Amino acid sequence: MTKYNMIIFDGDVVVGKYKTKTNDMNLIFKDCGEEIVRDGFKQGINMETQIDMYKTFIEEINKQKRHCQKIRHSDFYIYLSCVCALYKFNQETDDILFLKCKKKKKKI
């Protein structure tokens, strides 16, 4: 099975990397973004408000990264969920790069 690294950028700054088993954003959305969107609709939050909330959270994390502050793992997972949700809502997702992981050769 091929493994990938999903790298998320803010301009020219790497915000974070996430290991995936696919380079298909729809499958990644099902894995980590679908729950946050579904919970928003269950709480009665409309799509426009959800999009604004996701963009606000993403901008806060990007600001932390630009100021060289550490990002907690839980915050990065929410960040990744927000990026996937914006992708599903056909919003800005130009700053995502998939790189195929190299297989490590065993030394004999």
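The legends below accompany an overall view and several close-up views of a predicted model.

**Figure 1. Overall view of the predicted protein model, with four helices and three strands.** Followed along the sequence, the elements occur in the order β-β-α-α-α-α-β. Along the principal axes, the C-alpha atoms occupy a box of roughly 60 × 35 × 25 Å. Of the 108 residues in the protein, 33% are buried, and the exposed surface amounts to about 8,000 Å², of which carbon and sulfur atoms supply 51%. When contacts between residues at least 6 apart in sequence are considered, 62% of them join residues at least 24 apart. The side chains include 21 that are positive and 15 that are negative, and the centres of these two sets lie 15 Å apart.

**Figure 2. Close-up of the largest nonpolar core, which has 23 residues.** The residues with the most contacts inside this core are Met 6, Ile 8, Tyr 54, Tyr 79, Leu 80 and Cys 84. Two or more residues are given to the core by each of β1 (4-10), β2 (13-20), α1 (25-32), α3 and α4, and the largest share, eight residues, comes from α4. In soluble globular proteins, nonpolar side chains tend to be buried together. For Leu 80, the contacts that remain once neighbours within four places in sequence are left aside are those with Met 6, Ile 8, Tyr 18 and Cys 32.

**Figure 3. Close-up of the aromatic pair formed by Tyr 54 and Phe 89.** A search of the whole structure finds three aromatic pairs. The pair of Tyr 54 and Phe 89 is stacked, with 6.5 Å from centre to centre and 15° between the planes. Distant parts of the chain are linked by this pair, since Tyr 54 belongs to helix α3 (residues 47-66) and Phe 89 to the loop between α4 (73-88) and β3 (96-100), the two residues being 35 apart. Tyr 54 and Phe 89 are both buried, and together with Phe 41 they form one aromatic cluster.

**Figure 4. Close-up of the aromatic pair formed by Phe 76 and Tyr 79.** The rings of Phe 76 and Tyr 79 are stacked, with their centres 6.0 Å apart and an angle of 20° between their planes. Because Phe 76 and Tyr 79 are three residues apart in helix α4, about one helical turn separates them. Phe 76 counts as buried because its relative accessibility is 11%, and Tyr 79, with a relative accessible area of 2%, is buried as well.

**Figure 5. Close-up of the surroundings of Gln 50 in helix α3.** Gln 50 counts as buried because its relative accessibility is 1%. Apart from residues up to four places away in sequence, Gln 50 touches Ile 36, Val 37, Gly 40, Phe 41, Ile 45 and Phe 89. Two of these residues, Phe 41 and Phe 89, also belong to the aromatic cluster that includes Tyr 54.

**Figure 6. Close-up of Gln 91 in the loop between α4 and β3.** At 28% relative accessibility, Gln 91 counts as partly exposed. Residues up to four places away in sequence not being counted, Gln 91 touches Ile 51, Lys 55 and Leu 86. Gln 91 and Lys 55, which are 36 residues apart in sequence, have C-alpha atoms 9.6 Å apart in space.

**Figure 7. Close-up of Cys 101 in the segment after β3.** The relative accessible area of Cys 101 is 29%, so this residue is partly exposed. If residues up to four places away in sequence are set aside, Cys 101 touches Lys 3, Tyr 4 and Asn 5. Between Cys 101 and Thr 20, which are 81 residues apart in sequence, the C-alpha to C-alpha distance is 9.8 Å.

**Figure 8. Close-up of Cys 68 in the loop between α3 and α4.** Although Cys 68 is not a glycine, it has a positive phi of about 60°. Most residues other than glycine have a negative phi. Cys 68 is exposed, its relative accessible area being 74%.

Technical notes: Residues numbered from 1 in each chain as written. Predicted model: local features only at pLDDT ≥ 70, side-chain atom pairs only at ≥ 80, totals over all residues. Heavy atoms only, no water. Phe/Tyr/Trp six-rings, centres within 6.5 Å; stacked < 30°, edge-to-face > 60°. Buried < 20%, exposed > 50% of the residue type's maximum accessible area, 1.4 Å probe, protein only. Contact = heavy atoms within 4.5 Å. Areas by Shrake-Rupley, 256 points an atom, 1.4 Å probe, with all protein chains shown as cover. Lys, Arg positive; Asp, Glu negative; His and termini not counted. Charge placed at Lys NZ, Arg CZ, Asp CG, Glu CD. Core = buried A, V, L, I, M, F, W, Y, C linked by side-chain atoms within 4.5 Å.
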